[in-house]
Amino acid sequence: MNSTSMSTNLSTNVPTQIASIERPHPPVSAWKVFVALLSRDIRVARRELPFFLVRTIMQPMLFVIVFGYLLPRMGFTQAGYQAALLPGILALSLMLSSTQSVTLPMVTEFGWTKEIEDRLLAPISTDLVAVEKIVNAMIQGIIAALVVLPLARLVMGPVAGFTFSHVPELLIVVILSAAAASAFGLLLGVLISPQQIGFMFSLIITPMIFFGCAYYPWRGLDVVPWLKYAVLVNPLVYISEGLRASLTPSVPHMPFVAIVAALAVLTAGFTWAALARFRKRAIG
Amino acid sequence: MTPAIVTEGLRKVYPASGRAAPGSAPAVAETVALEGLDLLVREGEFFGIIGPNGAGKTTTIGVLTTRVLPTGGTATVAGADVVRNSVTVRQRIGVVPQRPNPDRSLDAWENLIYHAAYFGVPRREAARRATELLERLDIAGKARMKVDHLSGGQQQRLMIARALIHEPTILFLDEPTVGLDPNARNSLWEILRELHGQGRTIVMTTHYMPEADELSDRIALIDRGRLLALDTPRNLKLQTSDGSLETFFIAKAGRGLDA
């Protein structure tokens with residue numbers, strides 16, 4: 001920095017004086033602030049699109065190639081496995097993307113750089129700052145699922161029993177799933193310190209992926225009854241089963257009503273806990 | 001004239017934390033940060049808050065900027081209660097934090113534009129103000145840079161631009177010159193004088209006496225969460241034998257500012 005140029009600037013540059021303030025303050029509506037917060041997150045997501053796509057597509061697509069393409073051709077899977085797998089892969093993409101797109105920024109912005117501060121100073125309630133994070137993560141999760149769907153279908157080839165004839169059910173499941181996963185991501189984001197990120201992936205996210213009924217239908221766990229009930233704590237189970245119920249309903253799945261109820265309860269519970277913790281961290 | 005800020009009996013107690021088991025000794029003991037602080041800042045005043053580390057300066061700014069909930073007492077900022085009407089308070093204040101905390105996912109320009117949007121400033125108006133502020137704060141050349149590529153002093157000036165873009169009536173600065181070299185500090189002082197000259201209310205904390213002396217209309221000396229003295233720098237200095245604020249502080253607090 002150059003103090004000479006600064007003082008020259010001060011004495012000669014009259015037009016660049018900082019504007020004075022004698023203006024009224026029109027109060028801004030919460031909705032307008034919310035939209036501005038969301039547009040900031042969308043701007044950042046658009047800039048990071050290549051990373052977003054890699055993060056979103058990589059893992060599900062590797063599974064699609066191995067389990068949906070190679071194994072069936074080798075004759076290791078039964079006919080109809082792909083119909084159980086495809087919705088599970090979409091569930092996985094949706095959940096991973098929703099969760100990560102809120103957890104990682106929250107952990108760094110709260111725990112490390114404190115850069116969340118400028119949004120906490122926005123004229124809007126602290127709860128709505130948190131809710132905006134959930135809404136943004138929902139959008140990213142849904143986009144991830146929409147990107148993976150055609151790719152997975154392309155690699156797998158025709159999937160018997162796959163249908164778009166249950167649109168209302170599909171919409172309900174997708175929105176509730178994105179909400180549950182995003183609220184869960186926010187909860188992790190406000191609970192975990194930057195040092196615990198590695199721990200979170202090995203001890204929380206990875207077991208969720210493998211015991212989330214993404215690679216096998218829940219009814220398949222009839223063969224291991226204790227596990228069949230133990231996995232019910234995992235939100236991914238309901239997302240996978242919900243997408244099966246609406247995209248490949250011929251695959252045995254949980255009752256639709258139970259899926260919707262579980263997703264709604266999880267969304268409410270995660271949101272409640274995440275907001276409480278967010279408030280605590282935001283306001284000293 | 002309505003006062004810009006009024007606090008009455010402001011208290012903040014941070015609870016003990018880090019207890020290994022219920023009933024066991026906590027790792028961090030209960031801390032009383034503010035012990036009944038009464039302040040009145042007039043509209044248009046440059047108000048300095050001085051005290052050593054741990055005096056309660058940052059907590060005071062935290063409460064006044066709605067980021068810290070008081071344990072007791074009241075605080076009114078720009079006519080609104082900081083607890084009951086925190087959203088109204090936020091609309092009317094600008095805050096320059098102790099350590100620059102720009103939005104690192106955005107460039108310098110976007111930091112200003114989005115911040116303005118959070119306050120409902122129309123986009124065209126925000127762009128005009130951002131251009132003006134970046135130029136005035138001598139960082140126009142860095143507008144399109146990621147903030148990580150800005151020096152500490154440049155980030156600090158970006159924080160000032162951000163705090164001003166929504167045209168707040170009250171500007172808070174928490175130890176704004178910590179870590180700045182003398183050149184950067186001087187140019188920041190120039191900017192603060194100019195803002196004050198426009199009639200803006202400015203509240204600034206510092207533990208650097210000459211800074212408070214140089215800029216403030218009145219200075220509040222605080223230590224251990226209590227107000228020790230509140231007057232113009234001149235009147236405070238008149239009360240000491242050697243005419244130094246430092247001596248005055250030591251006489252009042254029983255310790256120096258660097259303690």
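Over all chains of this predicted model, a search of the whole structure finds 31 salt bridges. I will go through a few of them, beginning inside chain A, and then turn to the interface and to one glycine in chain B.

In chain A, the side chains of A:Lys133 and A:Asp41 meet in a salt bridge, with N to O at 3.2 Å. A:Lys133 belongs to helix α6 of chain A and A:Asp41 to helix α2 of chain A, so this pair ties together parts that lie 92 residues apart in sequence. Are these two partners buried or exposed? With a relative accessible area of 5%, A:Lys133 falls under the 20% cut-off and is therefore buried, and A:Asp41, also with a relative accessible area of 5%, is buried as well.

Helix α6 of chain A itself runs over residues 126-156, and since its 31 residues at 1.5 Å a residue should span 45 Å, the 45 Å between its end C-alpha atoms agrees with that expectation. The residue that follows α6(A) is A:Gly157, whose phi is positive, near 80°.

Chain B offers two pairs within one helix. The side chains of B:Arg129 and B:Glu125 meet in a salt bridge at 2.9 Å, N to O, and both residues lie in helix α4 of chain B, residues 123-136, four residues apart, which is about one turn of the helix. B:Arg129 counts as buried, at 10% relative accessibility. In the second pair, B:Glu132 forms a salt bridge with B:Arg128, where the closest N and O atoms are 2.7 Å apart; these two residues are separated by about one helical turn, because they are four residues apart in helix α4 of chain B. B:Arg128, however, counts as partly exposed, at 35% relative accessibility. Elsewhere, salt bridges that share partners join A:Arg40, A:Asp41, A:Glu109, A:Asp118, A:Arg119, A:Lys133 and B:Asp103 into one network, and with its members drawn from chain A and chain B, that network brings me to the interface.

How many residues does each chain bring to the contact? Chain A gives 45 residues and chain B gives 52 residues. The size of an interface is often given as the accessible area lost when the parts come together; between chain A and chain B the buried area is about 4500 Å², with 53% of that coming from carbon and sulfur atoms. The rule finds five salt bridges across this interface, and a salt bridge at 3.3 Å, N to O, joins the side chains of B:Asp103 and A:Arg119. Also across the interface, there are 13 residue pairs in polar contact, both residues being at pLDDT 80 or more. On the side of chain A that touches chain B, α1 (3-12), α2 (30-47) and α5 (117-120) each supply at least two residues, and the largest share, nine residues, comes from α2(A). By class, that side of chain A has 21 nonpolar, 13 polar and eleven charged residues.

Finally, where in chain B does B:Gly51 lie? B:Gly51 sits in the loop between β3 (46-50) and α1 (57-64) of chain B, and is buried, with a relative accessible area of 0%. Leaving aside residues up to four places away in sequence, B:Gly51 touches B:Lys57, B:Thr206, B:His207, B:Ile222, B:Phe249 and B:Leu257. The C-alpha atoms of B:Gly51 and B:Leu227 are separated by 9.7 Å, although the two residues are 176 residues apart along the chain.

Terms used: Residues are numbered from 1 along each chain as its sequence is written. Chains are lettered from A and ligands numbered from 1 in the order in which they are written. This is a predicted model: local features need pLDDT of at least 70, side-chain atom pairs count only at pLDDT 80 or more; totals for chains, interfaces and linings use all residues. Side-chain values use heavy atoms; hydrogens and water are left out. Contact means heavy atoms within 4.5 Å. Buried area is the accessible area (1.4 Å probe) that two parts lose on being put together, summed over both. A salt bridge is a side-chain nitrogen of Lys or Arg within 4 Å of a carboxyl oxygen of Asp or Glu. A polar contact is a pair of N or O atoms within 3.5 Å; within protein, one must be able to donate a hydrogen and the other to accept it, and residues adjacent in sequence count only if both atoms are side-chain atoms. Ala, Val, Leu, Ile, Met, Phe, Trp, Tyr, Cys and Pro count as nonpolar, Asp, Glu, Lys and Arg as charged, and the others, Gly among them, as polar. The expected span of a helix is 1.5 Å times one less than its number of residues. Buried means under 20% relative accessible area, exposed over 50%, partly exposed in between (1.4 Å probe, protein chains only).
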